[in-house]
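Trainee: Got a minute? I'd like to walk through this one with you.
Mentor: Sure, put it up and ask away.

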2 protein chains.
Amino acid sequence: MAVSATRQPLSRTPVSDTPEAGDAGERKPEVPETGVRGRTRRAILAAAASVLARDRGATLADIAEAAQVGRSTLHRYFPDRQDLLNATVADSFRVVERSIAAAAIDQGPPLEAMRRLITAMVDVGDRLAFLFGDPRVLEESNACFEPDTFEPDRTVPTALSLIERGQAEGVFDPQVSAEWIQQMLYAITYTGWEAAEKGLLPRHGVTSTVIRTFENGLTARS
Amino acid sequence: MAVSATRQPLSRTPVSDTPEAGDAGERKPEVPETGVRGRTRRAILAAAASVLARDRGATLADIAEAAQVGRSTLHRYFPDRQDLLNATVADSFRVVERSIAAAAIDQGPPLEAMRRLITAMVDVGDRLAFLFGDPRVLEESNACFEPDTFEPDRTVPTALSLIERGQAEGVFDPQVSAEWIQQMLYAITYTGWEAAEKGLLPRHGVTSTVIRTFENGLTARS
DNA sequence: TCATTATGGGACGCCGATGTCCCAAAAACA
DNA sequence: TGTTTTTGGGACATCGGCGTCCCATAATGA
């Protein structure tokens, strides 16, 4: 993995690259994205995230096959490999953000909020694995983020803010940096996802195990 | 990363592919591996582990450059990319095993043994990052391991045995599987190495932070 | 049913990484 | 110093993934 969530990327807002969503940004005089196109597009994006999460360096043919789509069709939607990568990053961000937003981690006791956050993260495990599994995925797609469009406040409450709030309230370990806790949050979640992936952990047990490890570590509680 | 330490690979013994070490296995009628050859060979292997740990998919030219060696020289020592990969895996195993062996994790209280183990693992962080950073690295080099040469008993005491011993003595969490603890052991160590790698954590603080997180998790202790 | 749109697969050229070969220069050794 | 070993870099062919183009076919929808 790498689980490198530097620069709390969840607080960055991707440049409008989501055609089917709101059309606030620029003119979209292209085909109004009929239902068919939207469906194939989403299928490709989902397949890309899923395949790349399990195998970085997967070929475009692999992704097309996973999406049950011809390689030409894939190229028709995403001319470049980089285009596909950027779009998949942006799409995965939206999926993850939506899941996290539903957890309302800025409300309630930090410990419970963290449990909701972990649950939300495990739910979108493959997207997280894609986004943070390889540091380069994010770095290379950084180009598609507008450095000016920083709106860290108007965005989804970040994990980091929850961590800092928890530390301030004496719930999370104040001896280590908030960034470390964030890194470990991703690392533990990723490990849980991976363990389930290879059958080492039952799917339904991932969340509780991750939460348990996050809160107690790996020694026995007295 | 991936931190996939399935099948407790540290208990497997690679097929004799270490020319400069003992010559117990087979006839080695080749050049008796003079000092020069040994040094360049080790330089290449170290560079390969280091570079590949930080960038899977690094090119052979990258590795040669990092080893301060011409690309032809690299090919002279390792004709194939796969050859280099296998040799680097075997070499990294030896380095890691040696470091772990020095920790004598089969002696003393489990908690202290674990602290020594973590210290030893952090010391060879880049080797671990190479070995477990990408599940495929190990899978693909599995071919160079003799399935018959299984000697799980005569080998270095494994982390798993320490974990099981600790669980039996009520020191490590008995509610989760030993395999999960092992996975997390690699994951936390890897995260610490990576954090230091990107300057997020001071080098000297990695070990203590990893130990702290392993033992206590990320919530504040009462 | 008919026109439009989307799809899949094949053919092709391109390019970077790989692996091989060769030779002159540098280093090691006697 | 002279011989042998080792090295680095260039030249070359190969291979696989990528990106483009084209066309017959299937799906959509009016």
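**Strands, interface and salt bridges**

Mentor: Start at DNA strand C: a polar side-chain atom of A:Y77 lies 3.1 Å from one of its phosphate oxygens. Keep in mind that this is a predicted model.

Trainee: Noted. How far is the polar side-chain atom of B:T59 from a phosphate oxygen of DNA strand C?
Mentor: For B:T59 the distance is 2.5 Å. B:H75 reaches a phosphate oxygen of that strand too, with a side-chain N or O atom at 3.5 Å.

Trainee: And which elements give two or more residues to the surface near DNA strand C?
Mentor: From chain A, α1 (35–54) and α3 (71–77). From chain B, α3 (71–77). The largest share is four residues, and α3(A) supplies it.

Trainee: How many residues surround DNA strand C, and which are the closest?
Mentor: There are 17 around it. The closest are A:G70, A:S72, A:T73, B:T59 and B:R81.

Trainee: What share of the strand C atoms within 4 Å of the protein is sugar and phosphate?
Mentor: Sugar and phosphate make up 54% of those atoms of DNA strand C.

Trainee: What about residue classes near DNA strand C?
Mentor: Eight are polar, five charged and four nonpolar.

Trainee: Switching to DNA strand D. Which residues come nearest?
Mentor: A:T59, A:R81, B:G70, B:S72 and B:T73, out of 17 residues around DNA strand D.

Trainee: Which residue has a side-chain N or O atom 3.1 Å from a base oxygen of DNA strand D?
Mentor: B:R76. There are phosphate contacts as well. A polar backbone atom of A:L60 is 3.0 Å from a phosphate oxygen of DNA strand D. For B:Y77, a polar side-chain atom sits 3.3 Å from a phosphate oxygen of that strand.

Trainee: Which elements give two or more residues there, near DNA strand D?
Mentor: α3 of chain A, plus α1 (35–54) and α3 of chain B. Here α3(B) gives the largest share, four residues.

Trainee: And how do the atoms of DNA strand D within 4 Å of the protein split?
Mentor: 51% belong to sugar or phosphate, and the rest to bases. On the protein side, the surface near DNA strand D has four nonpolar, eight polar and five charged residues.

Trainee: OK, protein to protein now. How many residues of chain B are in contact with chain A?
Mentor: 47 residues of chain B, against 47 of chain A. The buried area is about 3700 Å². Carbon and sulfur atoms give 58% of that area.

Trainee: How are chain B and chain A related?
Mentor: Rotate chain B by 180 degrees, with 0.0 Å of shift along the axis, and it superposes on chain A with an RMSD of 0.1 Å. That is the relation of a two-fold axis.

Trainee: Why do you say the copies meet through the same surface?
Mentor: Because 100% of the interface residues of chain B are also interface residues in chain A.

Trainee: How many salt bridges are there between chain B and chain A?
Mentor: Six. One of them pairs B:R56 with A:D134, with the closest N and O atoms 3.7 Å apart. Polar contacts add to the picture: the rule finds 16 residue pairs across the interface of chain B and chain A, both partners at pLDDT 80 or more.

Trainee: Which elements of chain B supply at least two residues each to the side that touches chain A?
Mentor: α7 (135–140), α9 (178–197) and α10 (206–216). The largest share is twelve residues, from α9(B). By class, that side of chain B has 22 nonpolar, 13 polar and twelve charged residues.

Trainee: Last topic. How many salt bridges are there over all chains?
Mentor: The search of the whole structure finds 18. One inside chain A joins A:R115 and A:E215, at 2.7 Å from N to O.

Trainee: Where in the chain do A:R115 and A:E215 sit?
Mentor: In distant parts, 100 residues apart. A:R115 is in helix α5 (residues 110–123) of chain A, and A:E215 is in helix α10 (residues 206–216) of chain A.

Trainee: Why can such side chains pair at all?
Mentor: Because side chains of opposite charge can pair when their charged atoms come close.

Key: Residues are numbered from 1 along each chain as its sequence is written. Chains are lettered from A and ligands numbered from 1 in the order in which they are written. This is a predicted model: local features need pLDDT of at least 70, side-chain atom pairs count only at pLDDT 80 or more; totals for chains, interfaces and linings use all residues. Side-chain values use heavy atoms; hydrogens and water are left out. Contact means heavy atoms within 4.5 Å. Buried area is the accessible area (1.4 Å probe) that two parts lose on being put together, summed over both. A salt bridge is a side-chain nitrogen of Lys or Arg within 4 Å of a carboxyl oxygen of Asp or Glu. A polar contact is a pair of N or O atoms within 3.5 Å; within protein, one must be able to donate a hydrogen and the other to accept it, and residues adjacent in sequence count only if both atoms are side-chain atoms. Ala, Val, Leu, Ile, Met, Phe, Trp, Tyr, Cys and Pro count as nonpolar, Asp, Glu, Lys and Arg as charged, and the others, Gly among them, as polar. Copies are superposed by least squares on the C-alpha atoms of residues with pLDDT of at least 70 in both. A residue is near a molecule or strand if one of its heavy atoms lies within 4 Å of it.
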